[in-house]
Amino acid sequence: MSERPRLTVLSGPSGVGKSTVVAHMRKEHPEVWLSVSATTRKPRPGEQHGVHYFFVTDEEMDKLIANGELLEWAEFAGNRYGTPRAAVLERLENGEPVLLEIDLQGARQVRESMSDAQLVFLAPPSWEELVRRLTGRGTEPPEVIERRLEAARTELAAEPEFDTTLVNTSVEDVARELLALMDVV
Ligand SMILES: Nc1nc2c(ncn2[C@@H]2O[C@H](COP(=O)(O)OP(=O)(O)O)[C@@H](O)[C@H]2O)c(=O)[nH]1
Ligand SMILES: Nc1ncnc2c1ncn2[C@@H]1O[C@H](COP(=O)(O)OP(=O)(O)O)[C@@H](O)[C@H]1O
């Protein structure tokens, strides 16, 4: 491991497999610290407060933003999401490998505020496969899927802004590549 791990940002369109890859990676390497974001989105079945997200009200999100408590934040498909700043900085100070799973707008903000962060883009093998995964997950109604696919077109076009692209064909392969990029293995 290098002496000071860099902050790593993983972005990519909704449904590409970010959560799946990260969960796979952390099963074997729990030392990779994943930031838990605050969101105004409602929990999906099985999602736990403080584990998957901190589920907050609009008013609570307003306060987090006003008090400067977020490292970055963005509105995505009708909900707001943000990264609590203090926990990230603390983990980096401790020398732990830190991962953020955030959208394109958030990745751009991190690039501005933390110039040594590495930005990783997770791409689908094809547009058709992305649609299949997002639809197949079965967690969103059709109009929300539409909105996310619209955002996906913008996100895919921004791929050249990232330091590295990983194509999510095999979860195992991508997890291994991400660990290597983070100097964990
Ligand atoms: N900017 C920003 N984006 C976030 C944050 N947390 C999650 N996101 C992104 O918000 C988008 C929607 O997340 P979510 O509703 O969980 O849907 P999913 O990624 O399709 O499972 C995804 O692109 C996430 O990476 C955050 O703290 N900041
Ligand atoms: N490499 C892969 N091959 C096939 N299906 C995958 C792959 N990675 C993820 N998936 C599936 O795609 C869907 C979306 O994955 P998810 O991790 O929820 O995406 P994201 O977090 O990027 O929104 C899930 O049903 C997941 O099981």
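## The loop that holds S14

S14 lies in the loop between β1 (7–11) and α1 (18–28). Keep in mind that this is a predicted model, so everything below describes a computed arrangement of protein and ligands.

S14 is also one of the positions that UniProt lists under "binding site", in an unreviewed entry; the record gives G12, P13, S14, G15, V16, G17, K18 and S19. How does that list sit against the pocket lining? Among the residues that line the largest pocket are G12, P13, S14, G15, V16, G17, K18 and S19.

## Ligand 1: who is around it

Ligand 1 sits in the largest pocket. Two elements give two or more residues to its shell: β5 (70–76) and β6 (79–84).

The shell around ligand 1 counts 19 residues, and S14, S37, R41, Y53 and Y81 come nearest. So S14, from the loop between β1 and α1, turns up here again, in that nearest group. Sorted by class, the shell holds eight charged residues, six polar ones and five nonpolar ones.

## Ligand 1: polar contacts and burial

Three side chains are worth clicking on here. In the side chain of Y53, an N or O atom is 2.6 Å from an oxygen atom of ligand 1. The side chain of D103 has an N or O atom 2.8 Å from a nitrogen atom of the ligand. R137 joins in as well, with a side-chain N or O atom 3.0 Å from an oxygen atom of ligand 1.

How much of ligand 1 does the protein bury? On its own the ligand exposes 570 Å², and the protein buries 98% of that.

## Ligand 2: who is around it

Ligand 2 takes up the space of the largest pocket, which is also where ligand 1 sits. Around ligand 2 there are 13 residues, of which G15, K18, S19, T20 and R137 come nearest. Some of these names are familiar: G15, K18 and S19 are on the UniProt "binding site" list, while R137 has the side-chain contact to ligand 1.

Which element gives the most to this shell? That would be α1, with three residues; α1 and α5 (127–137) each supply at least two. By class, the shell around ligand 2 splits into seven polar, three nonpolar and three charged residues.

## Ligand 2: polar contacts and burial

The contacts with ligand 2 involve both backbone and side chains. From the backbone, a polar atom of G17 is 3.0 Å from an oxygen atom of the ligand. From the side chains, S19 places a polar atom 2.7 Å from an oxygen atom of ligand 2, and N168 has a polar atom 2.9 Å from a nitrogen atom of the ligand.

As for burial, ligand 2 taken alone exposes 570 Å², of which the protein buries 75%.

Methods. Residues are numbered from 1 along each chain as its sequence is written. Chains are lettered from A and ligands numbered from 1 in the order in which they are written. This is a predicted model: local features need pLDDT of at least 70, side-chain atom pairs count only at pLDDT 80 or more; totals for chains, interfaces and linings use all residues. Side-chain values use heavy atoms; hydrogens and water are left out. A residue is near a molecule or strand if one of its heavy atoms lies within 4 Å of it. A polar contact is a pair of N or O atoms within 3.5 Å; within protein, one must be able to donate a hydrogen and the other to accept it, and residues adjacent in sequence count only if both atoms are side-chain atoms. Accessible areas come from the Shrake-Rupley method with a 1.4 Å probe; for residues, only the protein chains shown count as cover. On a 1 Å grid over the protein atoms alone, a cavity is a set of points where a 1.4 Å probe fits but cannot get out, and a pocket is an open set with protein on both sides within 12 Å along at least five of seven lines; lining residues have an atom within 4 Å of a point. A molecule sits in a cavity or pocket if more than half of its atoms lie within 2 Å of its grid points. Helices (H or I, at least four residues) and strands (E, at least two) are DSSP runs, numbered from the N terminus. Ala, Val, Leu, Ile, Met, Phe, Trp, Tyr, Cys and Pro count as nonpolar, Asp, Glu, Lys and Arg as charged, and the others, Gly among them, as polar. UniProt positions are given in the numbering used here, feature names are shortened, and annotations may be inferred rather than shown by experiment.
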